[in-house]
Amino acid sequence: MKYTAPLVVRTYECDAYGHVNNAVYLNFLEYGRMEYLHQIDFDYKNLVADGYYLYITHIDIYYKASAFLDDELFVDVEPVKLGVIQGTFHQVVRKKDGTVCVEADVTWASVKDGKPAKIPEKYMVEGLYPDGDARKQKAAH
């Protein structure tokens, strides 16, 4: 499944050069992932209440074009890898005209009590699985 979250660049996200600061793209990626989790009905609040956390462990990010104040941007999010404890989302931040500003692979891991931990089955919703993953069919049933 792929999801796209829209957003508009605000003044405080631009730096002295007049474009979106490179660090702000990490916020855009986070926003897109959280919107994706909402769309797939991932119960993040209860996961945290049960003592689990999803930590970002690695980001490969490529800056390709600048975005500016009032640009309409779209954050595409797609799961591309899922293991027992961790997974990876492929994300693209693009302008309305399709120009890619940022492309990133974001790896996350499930943690409980400060240690890597398998996410309980009740939280393993279909949308966490990459398209074509055979386990996805199992989760749907």
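**From surface to core**

At 53% relative accessibility, E121 counts as exposed, because the term applies to residues over 50%. The model that shows this is a predicted one. E121 takes part in a salt bridge with K118, and the closest N and O atoms of the pair are 3.9 Å apart. K118 has a relative accessible area of 49%, so K118 is described as partly exposed. By the rule used here, the structure holds 8 salt bridges, and two others are worth following.

One of these lies within a helix. The side chains of E30 and R33 meet in a salt bridge, with an N to O distance of 2.5 Å. These two residues are 3 residues apart in helix α1, so about one helical turn separates them. The two partners can be set side by side: E30 is partly exposed, at 36% relative accessibility, whereas R33 is buried, with a relative accessible area of 6%.

The other salt bridge joins the side chains of K96 and E72, at 3.4 Å from N to O. K96 belongs to the loop between β4 and β5, while E72 belongs to strand β3, so this pair ties together parts that are 24 residues apart in sequence. K96 is exposed, with a relative accessible area of 60%. E72, in turn, is partly exposed, with a relative accessible area of 36%.

From charged side chains the path leads inward. In soluble globular proteins, nonpolar side chains tend to be buried together. The largest nonpolar core in this model has 35 residues, and those touching the most other members are Y25, F28, F42, L73, V93 and L128. Two or more residues of this core come from each of β1 (3-8), α1 (24-39), β2, β3, β4 (86-95) and β5 (100-112). Helix α1 supplies the largest share, 6 residues. L73 gives a view of the surroundings of one core member: leaving aside residues up to four places away in sequence, L73 touches A5, P6, L7, V9, F28, A67, V93, R94, K95 and C101.

Two further buried residues help to show how the strands are surrounded. P79 lies in strand β3. P79 is buried, because its relative accessible area is 3% and the cut-off for that term is under 20%. Apart from neighbours within four places in sequence, P79 is in contact with M1, Y36, T88, F89, G127, L128, Y129 and P130. V20 is not in that list of contacts; P79 and V20 are 59 residues apart in sequence, and their C-alpha atoms are 25 Å apart in space. T107 lies in strand β5 and is likewise buried, with a relative accessible area of 13%. Leaving aside residues up to four places away in sequence, T107 touches Y55, I56, T57, H58, Q86, G87 and T88.

I56, one of the residues that T107 touches, leads back to the surface. I56 is placed in strand β2 and is partly exposed, with a relative accessible area of 37%. Together with L26 and I59, I56 makes a nonpolar surface patch of about 210 Å².

The loops complete the tour. K64 is placed in the loop between β2 (52-63) and β3 (72-82). K64 and C101 are 37 residues apart along the chain, yet 4.9 Å separates their C-alpha atoms. Not counting residues up to four places away in sequence, K64 touches V100, C101 and E103. With E103 there is also a polar contact between side chains, at 3.4 Å.

The loop between β2 and β3 also holds D70. D70 is exposed, at 55% relative accessibility, and its phi is near 70°, a positive value in a residue other than glycine. Most residues other than glycine have a negative phi. D41, found in the loop between α1 and α2 (44-49), also has a positive phi, near 60°, and is a residue other than glycine. D41 is exposed as well, with a relative accessible area of 63%.

Definitions and conventions. Residues numbered from 1 in each chain as written. Predicted model: local features only at pLDDT ≥ 70, side-chain atom pairs only at ≥ 80, totals over all residues. Heavy atoms only, no water. Helix = DSSP H or I, 4+ residues; strand = E, 2+ residues; numbered from the N terminus. Contact = heavy atoms within 4.5 Å. Polar contact = N/O pair within 3.5 Å; in protein donor to acceptor, adjacent residues only side chain to side chain. Buried < 20%, exposed > 50% of the residue type's maximum accessible area, 1.4 Å probe, protein only. Patch = residues over 30% accessible without salt bridge, like charges linked within 9 Å, V, L, I, M, F, W, Y side chains within 5 Å. Areas by Shrake-Rupley, 256 points an atom, 1.4 Å probe, with all protein chains shown as cover. Salt bridge = Lys/Arg side-chain N within 4 Å of Asp/Glu carboxyl O. Core = buried A, V, L, I, M, F, W, Y, C linked by side-chain atoms within 4.5 Å.
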